[in-house]
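Visitor: I have a few questions about this protein before I go back to the bench. Could you walk me through the model?

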Amino acid sequence: MLSPLAARKAEKLGFKNVKVYHAGLPAWKKAGNYVVSNIAGIDELDKMAMPYILLDLRSPDAISKGHIPKAVAVPKDGLDSIKSQFPTFKAAPIIIYDQMGTDEAAKAAYKTVAGWGYTQVSILSEGFNGWQAAGKTLATGPADTKIAYVRKLFPGEVELAVFTRELKKPSPNVIILDVRGAGEIKEGVLPNTKNIPLDDLEARLSELPKDKEILLHCGTGARAEMAYTVLKNAGYNAKYLRAKLEFDKDNKSVYKFEE
């Protein structure tokens, strides 16, 4: 199942049995489901020279015979024993893998890390076996034991400080665009923003001027990044915020960001 935006693209490519998951990724996560990534995703991060955390759950013996480059070995004492090594930046890409892909150990590790508040956690769906079968480069010997993540802005990403400055003191040359869905809008709305849900964005581009910079946000940064791609391809000057946004349940005018 896909988002409406992805579904339209799939239909254009000729796929016939396309189904839409209208609740979206936030609802999927909130329901306790896990998220998967793939080898192409790691390749893309490497291509962009973007940092990420890659956790290998397998035994030291299996890791020593071959592991994915840049992997960090999770010690036998478990993730809790290395929790202090994780970055304060909660949107850091964190990819977990085991031998097969989505074994129970990987699901449990996903639940642990996501439970710490990290928003971009995923399980490598192909696992180590898939990486090896794809003929990808292998590292041998012991894997790293320390997480050494240094944040770097993704292409098109705007710094949180810049974004919040525009919220508090809007520039006439900047539009802040909220791409969350209607259900999320009920939780609260940031000041000085315009809302166009991601799924409607391509159909409503005429509402956005091309002579202004557009700063995008959603609830986590995932859909804002997709919206950034849509606007960039359409010739807009846009950037997106990669941060978790939460509104106070009792006072919707109170909000906070978490990176």
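Visitor: Is Arg242 buried or exposed?
Guide: Happy to help, and please keep in mind that this is a predicted model. Arg242 sits in the loop between E9 and strand E10 (244-247). Its relative accessible area is 5%, and the cut-off for buried is under 20%. Arg242 is therefore buried.

Visitor: Which residue does Arg242 meet in a salt bridge?
Guide: The partner lies in helix H10, 17 residues apart from Arg242, so the pair links distant parts of the chain. At 28% relative accessibility, this partner counts as partly exposed. The N to O distance is 3.0 Å, and the residue that Arg242 meets is Glu225.

Visitor: How many salt bridges does the structure hold?
Guide: Let's look at some of them. Arg204 and Glu207 meet through their side chains at 2.8 Å, N to O, and Arg151, Glu157 and Glu259 are linked in a network. For the structure, the number of salt bridges is 14.

Visitor: Which residue forms a salt bridge with Lys107?
Guide: Look along helix H5, where the two partners lie three residues apart, about one turn of the helix. Lys107 is partly exposed at 26% relative accessibility, while its partner is exposed at 57%. Their closest N and O atoms are 3.4 Å apart, and the partner is Glu104.

Visitor: Why do the buried residues of H5 lie on the same side of the helix, and what arc do they cover?
Guide: The buried residues of H5 are Ala106, Ala109, Tyr110 and Val113. On the other side of H5, Glu104, Lys111 and Gly115 are exposed. The buried ones are placed on the same side because the arc they cover around the axis is only 105 degrees.

Visitor: Which residues does Val121 touch, leaving out those up to four places away in sequence?
Guide: Val121 is in strand E5 (residues 121-124). With a relative accessible area of 4%, Val121 is buried. Two of the H5 residues just named, Tyr110 and Val113, are buried and are among those it touches. The full list for Val121 is Val35, Ile94, Ile96, Tyr110, Val113 and Ala114.

Visitor: Which element supplies the largest share of the largest nonpolar core?
Guide: In soluble globular proteins, nonpolar side chains tend to be buried together. Here the largest nonpolar core has 33 residues, and Leu54, Leu177 and Leu231 are among those with the most contacts inside it. Several elements each supply at least two residues, including helix H3 (39-47), strand E6 (174-178) and strand E8 (213-217). The largest share is five residues, and it comes from H10.

Visitor: How many residues are in the second, separate core?
Guide: This core stands apart from the largest one, and Leu55, Val72, Val74 and Ile82 are included in it. The number of residues in this second core is 23.

Visitor: Which residue's backbone oxygen does the side chain of His67 reach?
Guide: His67 is in the loop between helix H4 (60-65) and strand E3 (71-73), and at 4% relative accessibility it counts as buried. Beyond its neighbours within four places in sequence, the contacts of His67 include Asp56, Tyr97, Phe128 and Thr140. The side chain of His67 reaches a backbone oxygen at 3.3 Å, and that oxygen belongs to Gly141.

Terms used. Residues are numbered from 1 along each chain as its sequence is written. This is a predicted model: local features need pLDDT of at least 70, side-chain atom pairs count only at pLDDT 80 or more; totals for chains, interfaces and linings use all residues. Side-chain values use heavy atoms; hydrogens and water are left out. A nonpolar core is a set of buried Ala, Val, Leu, Ile, Met, Phe, Trp, Tyr and Cys residues joined through side-chain atoms within 4.5 Å. Buried means under 20% relative accessible area, exposed over 50%, partly exposed in between (1.4 Å probe, protein chains only). Helices (H or I, at least four residues) and strands (E, at least two) are DSSP runs, numbered from the N terminus. Contact means heavy atoms within 4.5 Å. The arc is that of the directions from the helix axis to the C-beta atoms. A polar contact is a pair of N or O atoms within 3.5 Å; within protein, one must be able to donate a hydrogen and the other to accept it, and residues adjacent in sequence count only if both atoms are side-chain atoms. A salt bridge is a side-chain nitrogen of Lys or Arg within 4 Å of a carboxyl oxygen of Asp or Glu.
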